[in-house]
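Me: Could you take me through one strand of this protein and what sits around it? I'm new to this, so please explain the terms as you go.

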Amino acid sequence: MTHILALIDGSIYASSVCDHAAWAASKTGASVELLHVLGRRDTASQPVNLSGNLTLGARSELLEKLAQHDAERAKLAKERGRIILDAAKTEMEAAGVNPVTTRLRHGDIVEAIHDVEAEADLIILGKRGEAADFAKSHLGSNLERIVRAATKPVLAASRTFQPVERALIAYDGGASGDRAVAHLAKGRLLAGTPIDIVSVGEETPERRAKLENAAAVLSAGGHDVTAEILPGKPEEAISQRITARGIGLLVMGAYGHSRIRNLVIGSTTTEMLRSCPVPVMLFR
């Protein structure tokens, strides 16, 4: 891992994103790029119905005022974005991360990530953004869009950072799970960190063989690995494991048709990601 892309906004998760990025950089020696995207709603007024009894002169005057308002709003949004990036860069540098670069973009956040993610090995963002309803524990509106669109691993940061002393891979034997195992086995992100790799469901020879093979890949990469098949429902078994074992990072695939993958992105909603108190690293 040589380059980390960290998405920064004005939410309370921004500091946590910086902390998670600093942790990943310290483990891997990667550089960090801080990205803030000015969405269209930040720089443009809502559409206005100019029909009705307005005279031509009144319409022209209103349009001129709206244009001035949009220009001022865009200027303020850009200034605010630069302040957010500069503050995050200062925080990162104080944590010993070097180099740290910043980038301010306009437009849709998914399109912006598509343009720059080729340079990154990991994308980090908060579980919730500025527009999320914290009282209802809603996830950020862009999180699922980014995970679906990104071609690189995505780390959804928890509200506060805690040192990762043990990691858990929720493994179902699918392609994205194998990709997660291979990525972590050859990388330095979890070097020296014990890893639990678990499969949830009925014990079968096929499930056991796939789990043991995945554990062997991690062991060959120098990791201290514990492999187990857990009974019960995936969401309950994984949550209990996180609590019982002091897990600091959950790793899992983001796509597929198995129940364990659909916990995060799929027809059974994002419940695990929403309720999990630790950061979640997702692989397609």
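Reply: Let's start with a pairing: Ile195 in strand β7 has Val225 as its bridge partner in β8. Before going on, note that this is a predicted model, where local features need pLDDT of at least 70, side-chain atom pairs count only at pLDDT 80 or more, and totals for chains, interfaces and linings use all residues. Residues are numbered from 1 along each chain as its sequence is written, and side-chain values use heavy atoms, with hydrogens and water left out.

Strands (E, at least two residues) and helices (H or I, at least four) are DSSP runs, numbered from the N terminus. Two strands pair if DSSP finds at least two bridges between them. β7 and β8 (residues 225-230) run parallel, joined by six bridges. β7 also has β6 (residues 167-170) as a parallel partner, through four bridges, and there Ala167 stands opposite Ile195.

Now for the connections. β6, helix α6 (residues 175-186) and β7 form a right-handed β-α-β unit; right-handed means that, with the strands pointing away from you, the path from the first strand over the helix to the second runs clockwise. β7, helix α7 (residues 205-220) and β8 make a right-handed β-α-β unit too.

What about burial? Six of the six residues of β7 (residues 195-200) are buried, so the strand is largely enclosed by the rest of the structure. Buried means under 20% relative accessible area, exposed over 50%, and partly exposed in between (1.4 Å probe, protein chains only). Ile195, Ile197 and Ser199 point one way from β7, while Asp196, Val198 and Val200 point the other way, and all are buried.
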